[in-house]
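The following note sets out several points for discussion with a colleague at the bench. Please read the numbered points alongside the sequence and the structure.

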Amino acid sequence: MFYLTHPRHVARVLRQFDVDADAARTPALDVSEDDKGYRVTVDMPGVAKEAVKVCIEGRRVGIETATEEAAPTDGSRLLYRERRAARYARSFALPTEIDQGQSEARFENGVLTLNLVKRVAENGGQLTVL
């Protein structure tokens with residue numbers, strides 16, 4: 001049996017769990033499709049709605065959060081911090097292009113829900129055979 005009796009042992013064990021605080025996490029997501037568009041649900045706990053940014057370019061969707069560590073507002077000084085706001089980033093491509101103007105995004109209780117409307121081909125119709 002291994003016992004953590006020496007501070008070096010404790011530090012070595014904790015180092016294996018040390019994650020770079022500035023590195024972006026990849027959030028879990030679900031994508032479903034119907035005739036009109038896609039529904040994307042993304043889990044991003046611990047993030048404020050104002051920090052979420054969604055970019056759509058053609059059929060590519062990019063999601064990221066910008067986090068700023070807030071200083072104490074009660075006049076005290078922060079001496080030590082272990083709790084940090086999570087930073088998320090994820091991008092993916094869908095089979096068809098997205099109409100950004102008709103799509104919408106909602107963020108509630110740490111869950112981002114995107115309703116992405118498929119772009120309808122313009123100038124569609126029949127060709128005249130000559």
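**Notes on the sheet and the core**

1. Leu29 has Val42 of β2 as its bridge partner. The model under review is a predicted one.

2. The pairing to which this point refers is that of β1 with β2, which is antiparallel and extends over five bridges. The two strands form a hairpin, with three residues between them.

3. On the pairing of β2 with β7: strand β2 covers residues 37-43 and strand β7 residues 111-118, and seven bridges join these antiparallel strands. Within this pairing, Tyr38 has Leu116 of β7 as its bridge partner.

4. The overall arrangement is an open sheet of four strands, ordered β1-β2-β7-β6, with antiparallel pairing. Its edges are formed by β1 (29-33) and β6 (98-108), each of which pairs on one side only. On average, and with direction ignored, neighbouring strands of the sheet are turned by 15 degrees against each other. As a general remark, the strands of a sheet pair through backbone hydrogen bonds, in either a parallel or an antiparallel manner.

5. Turning to the interior, the largest nonpolar core comprises 19 residues, and Met44, Ile63, Leu112 and Leu116 have the most contacts inside it. At least two residues of this core come from each of β2, β3 (52-57), β4 (60-65), β6 and β7. Leu116 thus appears twice in this note, as the bridge partner of Tyr38 and among the core residues with the most contacts.

6. Which residues does Ile63 touch, not counting those up to four places away in sequence? They are Val42, Met44, Lys53, Tyr88, Ala89, Arg90, Phe92, Leu112 and Leu114. Of these, Val42 is also the bridge partner of Leu29.

Technical notes
Residues numbered from 1 in each chain as written. Predicted model: local features only at pLDDT ≥ 70, side-chain atom pairs only at ≥ 80, totals over all residues. Heavy atoms only, no water. Pairing = 2+ DSSP bridges. Axes fitted to C-alpha atoms, helices over the stretch in contact; angles between N-to-C directions. Core = buried A, V, L, I, M, F, W, Y, C linked by side-chain atoms within 4.5 Å. Buried < 20%, exposed > 50% of the residue type's maximum accessible area, 1.4 Å probe, protein only. Contact = heavy atoms within 4.5 Å.
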